[in-house]
Amino acid sequence: MSNTTVQVIKCRAAVAWEAGKPLVMEEVEVAPPQAGEVRLKILFTSLCHTDVYFWEAKGQTPLFPRIFGHEAGGIVESVGEGVTHLKPGDHALPVFTGECGDCPHCKSEESNMCDLLRINTDRGVMINDNQSRFSIKGQPIHHFVGTSTFSEYTVVHAGCVAKINPDAPLDKVCILSCGICTGLGATINVAKPKPGSSVAIFGLGAVGLAAAEGARISGASRIIGVDLVSSRFELAKKFGVNEFVNPKDHDKPVQQVIAEMTNGGVDRAVECTGSIQAMISAFECVHDGWGVAVLVGVPNKDDAFKTHPMNLLNERTLKGTFYGNYKPRTDLPNVVEKYMKGELELEKFITHTIPFSEINKAFDYMLKGESIRCIIRMEE
């Protein structure tokens, strides 16, 4: 379907008109995809903490009105000029970061941080022409991280769209397009625990539980969950966590507690909170000689990581990761296959399912700490 025959689509979208106010269901016009873009019909989307953070306008330049949403599954409705890896009817996951295929990062086996398409939370337009594809009665509505999935149709750069197995249930695999892959890949691709090893997971939210699932899949025998909220520990058992530490229950630093529990430290640690103290603890709790700590959580802008250099000289390794080191177009289809083969369990991450018209309930569930992932069904 070439772009000349593609029309503007009118559909429903949940629009954030101002920070922290309930989203409003509006009729929006969604323009055709331009060169290098794809228009998707979104069938299922879910709410991630990042949506809430930017909806609350914490710590960055607020951009409103805006259509949030970046975890989703849908079907390609039309493609713009030059798009060859996708066609109408393909099942796909849009992703907040991308893979252009041409930059040094995309050509490197070691990186997924595409120069062209890596996440940009300040941009509210498409990179092709610096225009929005959304409007209401002529007023442009800002995009969010290039995805804007709280709309029945959205336009995304083709490099941010992963084509997946059409047999995969979109109401399950949609959660792979952000948080679950971030935690899962941090463990499987970066920490790389060996079977029978010990892993500490700092923070048992959605990303931390996904990191624990990665440790379970990898065959780790001791998976130690670390969280300030003890009520999270029971749920975490479903994800392979078999020991728990609440730092508030101890008089000594948690890294010391873990070192004493594990005869010198864990083999791997994955930090999923963004707390600078948790990052330092995660690094200092790994065993000397071979221990690896991986940082996943995003810190505050003024934070500084401080540890004694001897901790590094004693052969501990500190690593960072972005989106679990997955290249969206290349690797995401394989993660979907892991689920299809029964190796990866996704159902246990999904705590609620609601119709699109009730999308504000998803925000309530997350703000109250009641949900891991709430699936939003676009068709009522």
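Colleague: Is D115 buried, partly exposed or exposed, and what is its relative accessibility?

Modeller: This is a predicted model in which local features need pLDDT of at least 70 and side-chain atom pairs count only at pLDDT 80 or more, while totals for chains, interfaces and linings use all residues. Residues are numbered from 1 along each chain as its sequence is written, and side-chain values use heavy atoms, with hydrogens and water left out. Buried means under 20% relative accessible area, exposed over 50%, and partly exposed in between, with a 1.4 Å probe and protein chains only. D115 therefore counts as partly exposed, at a relative accessibility of 46%.

Colleague: With which residue does D115 meet in a salt bridge?

Modeller: A salt bridge is a side-chain nitrogen of Lys or Arg within 4 Å of a carboxyl oxygen of Asp or Glu. The N to O distance here is 3.6 Å, and the partner of D115, itself partly exposed with a relative accessible area of 31%, is R118.

Colleague: In which helix do E213 and R216 both lie?

Modeller: E213 forms a salt bridge with R216, the closest N and O atoms being 2.8 Å apart, and E213 is buried at 0% relative accessibility, whereas R216 is partly exposed at 29%. Helices are DSSP runs of H or I with at least four residues, numbered from the N terminus. The two residues are 3 residues apart, about one turn of the helix, and the element that holds both is helix α5 (residues 206-218).

Colleague: How far apart are the closest N and O atoms in the salt bridge of R232 with D227?

Modeller: R232 is partly exposed, with a relative accessible area of 36%, whereas D227 is buried at 8% relative accessibility. Their closest N and O atoms are separated by 3.1 Å.

Colleague: Which residues are joined into one network by salt bridges that share partners?

Modeller: A search of the whole structure finds 22 salt bridges. Those that share partners join into one network the residues E213, R216, E345 and K348.

Colleague: How many disulfides does a search of the whole structure find, and why is C160 not bonded to C114?

Modeller: A disulfide is a pair of cysteine sulfur atoms within 2.5 Å. C160, buried at 6% relative accessibility, has its closest cysteine sulfur in C114 at 7.6 Å, which is too far for a bond. C272, also buried with a relative accessible area of 16%, is in no disulfide, the nearest cysteine sulfur, that of C285, being 12 Å away. Over the whole structure, the number of disulfides found is 0.
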